[in-house]
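This report goes through a few local features, taking strands and sheets before helix packing. Please keep the sequence and the structure at hand while reading.

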Amino acid sequence: AEVEETLKRIQSHKGVIGTMVVNAEGIPIRTTLDNSTTVQYAGLLHQLTMKARSTVRDIDPQNDLTFLRIRSKKHEIMVAPGNVAFHLVFKASSP
Amino acid sequence: QDEDSGTEVGEGADEWAQSKATVRPPDQLELTDAELKEEFTRILTANNPHAPQNIVRYSFKEGTYKFIGVVNQLAVHFSQVGNLIPKDSDEGRRQHYRDELAAGSQESAKVVISETEILEEEEEPKESEAEAETEAGSQTDMPAAEAAEKVNEEELMTPKQPKEQKLTNQFNFSERASQTINNPLRDRECQMEPPPRTNFSATANQWEIYDAYVEELEKQEKTKEKEKTKTPVAKKMGKMAMRKMASMESQSDDITKVTQAAKIVERMVNQNTFDDVAQDFKYYEDAADEYRDQEGTLLPLWKFQNDKAKRLAVTALCWNPKYNDLFAVGHGSYDFMKQSRGMLLLYSMKNPSFPEYVFSSESGIMCLDMHVDHPYLVVVGHYDGNVAIYNLKKPHSQPAFRSSAKSGKHTDPVWQVKWQKDDMDNNLNFFSVSSDGRIVSWTLLKSELVHTDVIKLKVEGSTTDGLDGLQLHTVGCGTAFDFHKEIDYMFLVGTEEGKIYKCSKSYSSKFLDTYDAHNMAVDAVSWNPYHTKVFMSCSSDWTVKIWDHTIKTPMFIYDLNSAVGDVAWAPYSSTVFAAVTTNGKTHVFDLSINKYEAICNQPVVAKKKNKITHVQFNPIHPIIIVGDDRGHVTCLKLSPNLRKMPKEKKGQEVQKGPAVEIAKLDKLLNLVREVKTKT
């Protein structure tokens, strides 16, 4: 559907290494990376996203987390949380 | 006093022996005569001088310490405890009895045996008494005497007749008890299945509490709504449909729920790629403008293009009135020979690589407009004369409403459409102008487009007599129109012949006014957003003209060296406007700075053969979008020079608002008028 197209577009965007879709329990639904990496990322980032969201909402309950970017030396990880699933893009850092 | 008299006596006695001088001891109290004669009274009381006078006791009733009023004044000087007992007391009688027993033992014993009243008692006490008698020891007598007292006190009243008393045996005590049969005990047990248990853990964060409250609120509101809408059946049906939709959604695939998140991520990725552009858009102000005297530049930001629309020219641009980053691009073709399909794309500045919405149509789109109050409704006019309304809320690729040959479509391409205010029945309506000479008002009644011809453009002075004496009017071809911002019924129409007609919605046959504007077709007309009298027109005859609608000749004329595709007033100033030409250049004018020349004159598109077709200012941000005939839309940022506000005089506050703008333009116009009247 439309979502598939969007995901495809993101994947084909310049610099994007991989994308992942994870559901509310932390189980990856769709991924373009290999299994072990996927599982690892899904587990770790799920917890981090929950924590980040909890923090934002604790400070102001009417607020909510829009997205989360983690920039490291080698890569940049972008997480967009949703109510049901969250979406993860794994991108090479710009030099 | 006594002492005094004593000393005086003593002194008197010695008088004859010594001289008369009285000798006073050195520490004698000196008193005056009055004091000497004072009488002192002395009282003897029975108070104990050692008794304390201020005993304090705690009163629980009042909870405070209180003085005891009366203190015990008794002073004991001597006390001794004696050992005499009265004759009549118990102890005294006992002793007496003892003495008597001791005195006459045997005789009294017999008397006791014979006189014992209690015969039914056991012999043991008798025996013991007998023993007691024979022993004649005081020890046994004592318990006997005591026992006798316990059993029969009356007998003791006659101490002279000691009697045999009954004794309870204190040594051979036997206890009698009986035990009933114990009922046998039996255990009865019953065990049920344990209730199912689950572990539950949750954290109580502030936001979880808030969420719970919000849910409650929503539930309450829903119940309120349900109560309100119970009677109308139609709404019930609507709710049924909604419920069905809800259940459908829950059945759908997990992946579709990711749409929202996917969109966000896509935008994030784009933000990364176009990071510098986004930063420029927000923050970059061309510092070089200070040195550039009065000219400005246009900074290219994003370029929007889509593969599907590559061959098609941009025929229409429109910013969304509500969402300032969303704009619509209509694609079609200006080429008369090559007519193909059309596309309507809506882009957001947040995602330059892909449009948000894509609609395709069979015939090229020539114009479009977005409704101010309903920003999801887009009306388009097609090359084949049809008009259609797209509803962005519903993601169908087909238009929501479409005109057809039956419902009165134009017979020539529709060059411009514009939404109007809702009519009296709250139906949406819009106007369209086309080269078939008709200006048509379309109303959306319940789901159909109904058209009403408003005006038929006639070329004046060209009625020819046709066959059968019919008078044929050569129809003028309308190419552009614009409605007055305040005077609702008044609008301008530009035609292919180069004339501009000022018309009213109410008069269908006559024009209010005619202006001989251009030599070639008028490409665009536009009223000034602030000044109610001024409008602007551009044409393929290379000129842009600014008019005052009361005067037949233009106020300002600009020659731009190439066919002008479009003009647009800036929303922030009444004296700024932009024009685009087919040689790929964009010109920005500011009349308050320079009346005769453009303050910015910049080629914006890459290849030279690329003609720019349309330009639009963003209502909020200082950017313009420019569309060309290759299907690209370029977004440019206006440098500060181009957006100059009137300079504040020292000490005066900067006045903002339409009044100022109008005044600004008025000044200029007056200047021009003066010049004209002079010449």
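In which sense do strand E31 and strand E32 of chain B pair, and over how many bridges?

## A four-stranded sheet in chain B

In this predicted model, strand E31 (residues 623-628) and strand E32 (residues 633-638) of chain B pair in the antiparallel sense, and five bridges join them. Within this pair, B:Ile624 of chain B has B:Leu636 in E32(B) standing opposite.

Both strands belong to an open sheet of four strands in chain B, where the order is E3-E32-E31-E30 and the pairing is antiparallel. Strand E3 (298-304) and strand E30 (612-617) of chain B stand at the edges with a single partner strand each, so one side of each has no neighbour in the sheet. On average, and with direction ignored, neighbouring strands of this sheet are turned by 25° against each other.

## Strand E10 and its two partners

Strand E10 (residues 387-391) of chain B is largely enclosed by the rest of the structure, because five of its five residues are buried, that is, under 20% relative accessible area. B:Val387, B:Ile389 and B:Asn391 point one way from E10(B), while B:Ala388 and B:Tyr390 point the other way, and all are buried.

E10(B) pairs with strand E9 (residues 377-382) of chain B in the antiparallel sense over five bridges, and it also pairs in the antiparallel sense with strand E11 (residues 401-402) of chain B, there over two bridges. B:Ile389 takes part in both pairings, since it stands opposite B:Val379 of E9(B) and has B:Phe401 as its bridge partner in E11(B). The hairpin of E9(B) and E10(B) has four residues between the strands, and in this hairpin B:Gly385 takes a positive phi near 95°.

## An annotated repeat

The UniProt record, an unreviewed entry, carries the annotation "repeat: WD" for residues 515-548 of chain B. Over residues 515-548 of chain B, the model shows 0% helix and 59% strand, and the C-alpha atoms at the two ends are 11 Å apart.

## Helix packing between chains A and B

Two packed helices are described by the angle between their axes and the distance between the axes. Helix H1 (residues 2-12) of chain A packs with helix H10 (residues 259-273) of chain B at an angle of about 25°, and their axes are 10 Å apart. H1(A) is therefore roughly parallel to H10(B), and the crossing of the two helices is left-handed.

The contact is made on the H1(A) side by A:Val3, A:Thr6, A:Leu7, A:Arg9 and A:Ile10, and on the H10(B) side by B:Thr259, B:Ala262, B:Val265, B:Glu266 and B:Val269.

Key. Residues are numbered from 1 along each chain as its sequence is written. Chains are lettered from A and ligands numbered from 1 in the order in which they are written. This is a predicted model: local features need pLDDT of at least 70, side-chain atom pairs count only at pLDDT 80 or more; totals for chains, interfaces and linings use all residues. Side-chain values use heavy atoms; hydrogens and water are left out. UniProt positions are given in the numbering used here, feature names are shortened, and annotations may be inferred rather than shown by experiment. Buried means under 20% relative accessible area, exposed over 50%, partly exposed in between (1.4 Å probe, protein chains only). Two strands pair if DSSP finds at least two bridges between them. Axes are lines fitted to C-alpha atoms, for helices over the stretch in contact, and angles run from 0 to 180 degrees between N-to-C directions. Angles under 35 degrees count as roughly parallel, over 145 as roughly antiparallel, 65 to 115 as roughly perpendicular and the rest as oblique. A crossing is left-handed if the near helix is turned anticlockwise from the far one by less than a right angle, and right-handed if clockwise. Contact means heavy atoms within 4.5 Å.
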